[in-house]
Amino acid sequence: LADWVGRLESGAVLDAHDRQKARLQAAWIARQALRAVQTLFASAGAHAILHSNLLQRQVRDLMAVAAHRGLFLEEAAQNYTRSILARG
C-alpha cells in the first residue's frame, strides 16, 4: 500500500492489475472491518442497538460501506484473478 501511495503521489498511475489488486484489498478490508464491528456489536448486549450508543452508528456505517458495489469481495476477487491470468 505504501508503494502505491508513493507512486500515486509522484504522479504515476497504477496499471490495470494493480488497480484490481487494490480493489480486492479494499473489499477484503471492508469485509473484515464489518465482521469485527458486528462481533463487537453482538457482544455489547441489547443496549448497543440504542440510538445513543455510538456502536450502532458504526455498524450502520460499515454496512453501508461494505454494500457499495465497488467493494463486493467476490466480484473483486474474480476481477483480480482475471488480471493475474491475463498477465500470463
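Which residues of α3 are buried? Good morning, colleagues; I shall take that question in a moment.

The model is predicted, so local features need pLDDT of at least 70, side-chain atom pairs count only at pLDDT 80 or more, and totals for chains, interfaces and linings use all residues. Residues are numbered from 1 along each chain as its sequence is written, and side-chain values use heavy atoms, with hydrogens and water left out.

Helices here are DSSP runs of H or I, at least four residues, numbered from the N terminus. In α3, the buried residues (under 20% relative accessible area, 1.4 Å probe, protein chains only) are L55, Q56 and V59. Seen down the helix axis, they fall within an arc of 105 degrees, taken from the directions from the axis to the C-beta atoms, so they line one face of α3. On the other side, L54 and A64 are exposed, that is, over 50%. The cover over the buried residues includes α2, residues 16–43.

I turn now to the nonpolar core. Such a core is a set of buried Ala, Val, Leu, Ile, Met, Phe, Trp, Tyr and Cys residues joined through side-chain atoms within 4.5 Å. The largest one has seven residues: L24, A27, A30, L71, L73, A76 and Y80. Both α2 and α4 (73–87) supply at least two residues each.

Finally, H17 lies in helix α2. H17 counts as buried because its relative accessibility is 11%. Its side chain makes a polar contact (N or O atoms within 3.5 Å, one able to donate a hydrogen and the other to accept it; residues adjacent in sequence count only if both atoms are side-chain atoms) of 3.3 Å with that of R87.

Conventions
Contact means heavy atoms within 4.5 Å.
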